[in-house]
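Here are some short exercises to work through with a structure at hand. Try each task yourself before you read its solution.

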Amino acid sequence: MTGFKNPTTPIVSEDPNAVRFGFTPQSENWNGRLAMIGFLSAVLIEAFSGQGLLHFWGIL
């Protein structure tokens, strides 16, 4: 029988939401999510305060 798989062997699937360090697909997912949160935060601060992000923090 060719192609027979042992049914007791666990199938390991990578969790796409796992927190892993290094250059992994999971870290790229988290990087993208955090970038979206940061961008949305900057847009909301500008929309509600009426000034840019750097002016809001007093940097400019």
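Buried means under 20% relative accessible area, exposed means over 50%, and partly exposed covers what lies in between. Keep in mind that this is a predicted model.

**Exercise 1**

Work out whether isoleucine 37 is buried or exposed, and find the surface patch to which Ile37 belongs.

*Solution.* Start with the location: isoleucine 37 is part of helix α1. Next, take its relative accessibility, 52%, and hold it against the cut-off of over 50%; isoleucine 37 therefore counts as exposed. Finally, look at its partners on the surface. Ile37 joins Val19, Phe21, Trp30 and Leu34 in a nonpolar patch of about 610 Å².

**Exercise 2**

Place serine 27 in the fold, decide on its burial class and list its contacts beyond four places in sequence.

*Solution.* Serine 27 sits in helix α1, which spans residues 25-49. Its relative accessibility is 17%, and because the cut-off for buried is under 20%, serine 27 counts as buried. Leaving aside residues up to four places away in sequence, serine 27 touches Arg20 and Gly22. For the wider setting, buried residues make up 7% of the 60 residues in the protein.

**Exercise 3**

Describe valine 19 and asparagine 29, then give the distance between their C-alpha atoms.

*Solution.* Take valine 19 to begin with: valine 19 lies in the segment before α1. With a relative accessible area of 63%, valine 19 is exposed, and Val19 is one of the residues of the nonpolar patch. Now turn to asparagine 29, which is found in helix α1. Asparagine 29 has a relative accessible area of 33%, so asparagine 29 is partly exposed. The two residues are 10 apart along the chain, and their C-alpha atoms are separated by 9.6 Å.

**Exercise 4**

Which ring does the charged end of arginine 33 sit over, and how many aromatic pairs does the structure hold?

*Solution.* The charged end of arginine 33 sits over the ring of tryptophan 30, at 5.1 Å from the ring centre. Trp30 is also among the residues that make the nonpolar patch. As for aromatic pairs, the structure holds 0.

**Exercise 5**

Find where glycine 52 lies, and how far its C-alpha atom is from that of alanine 42.

*Solution.* Count the elements to begin with: the protein has 2 helices and 0 strands. Glycine 52 belongs to the loop between α1 and α2, the latter running over residues 53-56. A relative accessibility of 25% makes glycine 52 partly exposed. From C-alpha to C-alpha, glycine 52 and alanine 42 are 8.3 Å apart, with their positions 10 residues apart in sequence numbering.

**Exercise 6**

What is the accessible surface of the protein, and what share belongs to carbon and sulfur atoms?

*Solution.* The accessible surface comes to about 5600 Å². Of this, 68% belongs to carbon and sulfur atoms.

Note on methods: Residues are numbered from 1 along each chain as its sequence is written. This is a predicted model: local features need pLDDT of at least 70, side-chain atom pairs count only at pLDDT 80 or more; totals for chains, interfaces and linings use all residues. Side-chain values use heavy atoms; hydrogens and water are left out. Buried means under 20% relative accessible area, exposed over 50%, partly exposed in between (1.4 Å probe, protein chains only). Contact means heavy atoms within 4.5 Å. Accessible areas come from the Shrake-Rupley method with a 1.4 Å probe; for residues, only the protein chains shown count as cover. Patches are made of residues with over 30% relative accessible area and no salt bridge: like charges are joined within 9 Å, nonpolar side chains (Val, Leu, Ile, Met, Phe, Trp, Tyr) within 5 Å. A salt bridge is a side-chain nitrogen of Lys or Arg within 4 Å of a carboxyl oxygen of Asp or Glu. Rings of Phe, Tyr and Trp (its six-membered ring) pair if their centres lie within 6.5 Å; planes under 30 degrees apart count as stacked, over 60 as edge-to-face and the rest as tilted. A charge sits over a ring if NZ of Lys or CZ of Arg is within 6 Å of the ring centre and within 35 degrees of the ring normal.
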